[in-house]
Amino acid sequence: MMNIEKQIQYWINGSNEDLITSELLIANNRYLHGLFWCHLTIEKSLKALVVKSTGEIPPKTHNLIWLLGKTDIQINPEIENLIGSLMVYQLEGRYPEQYPSTPSKELALEIFTQTKEFHQWLMKKL
C-alpha cells in the first residue's frame with residue numbers, strides 16, 4: 001500500500017530542490033536551462049497535489065495543464081500565461097522536434113519570479 005504522505009513529501013522535496021537549481025542556473029546566465037528547471041519545479045508541485053487529490057501516484061507526464069486538471073486548483077489568467085510559458089521550456093532530452101530560443105535575462109527573471117510565487121502558493125495548498 002502506498003504511503004500518501006511519503007509520496008507528497010517526495011514531490012515537495014523535488015520541487016524545492018528544482019527551484020534552487022533554476023535560480024542558480026539563471027543567476028549564472030543559463031536562462032534556457034534555468035527555465036527548464038522552473039518547469040520541473042511546477043510539475044513536481046502539481047504532482048504533489050495530484051497525489052493529495054487522487055491518492056494515487058501521478059502519471060509520467062510533463063503536461064502542466066493536464067496535471068492541473070487532476071487537482072481542484074483554480075488559477076487566474078496570469079498563472080495560465082505562466083503555465084503556457086513554462087510548457088515552452090519543457091525541453092525534450094534527445095532528438096527534439098522543437099527547441100526554443102534562449103530567452104532574454106529579463107524574461108528569464110520574470111518567469112523565475114512568477115514560478116517562485118506560484119510554487120509558494122501551491123505549497124500552501126498542501
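Where in the model do F118 and W121 both lie, and how many residues apart are they? Both sit in helix 5, three residues apart, or about one turn of the helix. The model is a predicted one, and helix 5 is a handy place to start reading it.

Helix 5 runs over residues 105–125, and its length checks out. With 21 residues at 1.5 Å a residue it should span 30 Å, and its end C-alpha atoms are indeed 30 Å apart. A good part of this helix is tucked away: A108, I111, F112, Q114, T115, F118, H119, L122 and M123 are buried. These buried residues pack against helix 1 (4–27), helix 2 (31–54) and helix 4 (77–88).

Back to the opening pair. F118 and W121 form a stacked aromatic pair, with 5.9 Å centre to centre and 20° between the planes. The two partners are not equally hidden: F118 counts as buried at 2% relative accessibility, whereas W121 is partly exposed, with a relative accessible area of 34%. Since the cut-off for buried is under 20%, F118 falls below it with its 2% and W121 does not with its 34%.

A search of the whole structure turns up three aromatic pairs. Another of them joins Y10 and W11, this time edge-to-face, at 4.9 Å centre to centre and 80° between the planes. Here, too, the partners part ways in burial: Y10 is exposed, with a relative accessible area of 52%, while W11 counts as buried at 13% relative accessibility.

Next come the nonpolar cores. The largest has 27 residues, and the members that touch the most other members are I26, L35, I42, L46, L86 and F118. Helix 1, helix 2, helix 3 (64–69), helix 4 and helix 5 each put in at least two residues. Helix 2 gives the largest share, ten residues. A second, separate core has six residues, including W11, I12, A48 and M123. As for L46, its contacts beyond four places in sequence are L64, L67, L68, T71 and L122.

Helix 1 supplies one of the named members of that second core, I12, which lies in this helix. I12 is buried, with a relative accessible area of 12%. Leaving aside neighbours within four places in sequence, I12 is in contact with A48, M123 and L126. I12 and H119 are 107 residues apart along the chain, yet their C-alpha atoms are separated by 9.8 Å.

The rest of helix 1 tells a similar story. Its 24 residues reach 35 Å from the first C-alpha to the last, close to the 34 Å expected at 1.5 Å a residue. The buried set here is Q7, I8, W11, I12, G14, S15, D18, L19, S22 and I26, and these buried residues pack against helix 2 and helix 5. At the N-terminal end, N3 acts as the cap, with a side-chain oxygen 3.2 Å from the backbone nitrogen of E5. After the helix comes N29, whose phi is positive, near 65°.

One buried residue of helix 1 carries a charge story of its own. Side chains of opposite charge can pair when their charged atoms come close. The whole structure holds two salt bridges. One links K44 with D18, the closest N and O atoms being 2.8 Å apart. K44 lies in helix 2 and D18 in helix 1, so this pair ties together parts that are 26 residues apart in sequence. Both ends of the bridge are buried, D18 with a relative accessible area of 5%. Beyond four places in sequence, D18 is in contact with W37, L40, T41 and K44.

The other bridge joins K47 and E43, whose closest N and O atoms are 3.0 Å apart. This one stays inside helix 2: the two residues are four apart there, which puts them about one helical turn from each other. K47 counts as buried at 5% relative accessibility, and E43 does so at 4%.

Terms used:
Residues numbered from 1 in each chain as written. Predicted model: local features only at pLDDT ≥ 70, side-chain atom pairs only at ≥ 80, totals over all residues. Heavy atoms only, no water. Expected span 1.5 Å × (residues − 1). Buried < 20%, exposed > 50% of the residue type's maximum accessible area, 1.4 Å probe, protein only. Contact = heavy atoms within 4.5 Å. Core = buried A, V, L, I, M, F, W, Y, C linked by side-chain atoms within 4.5 Å. Phe/Tyr/Trp six-rings, centres within 6.5 Å; stacked < 30°, edge-to-face > 60°. Salt bridge = Lys/Arg side-chain N within 4 Å of Asp/Glu carboxyl O. Polar contact = N/O pair within 3.5 Å; in protein donor to acceptor, adjacent residues only side chain to side chain.
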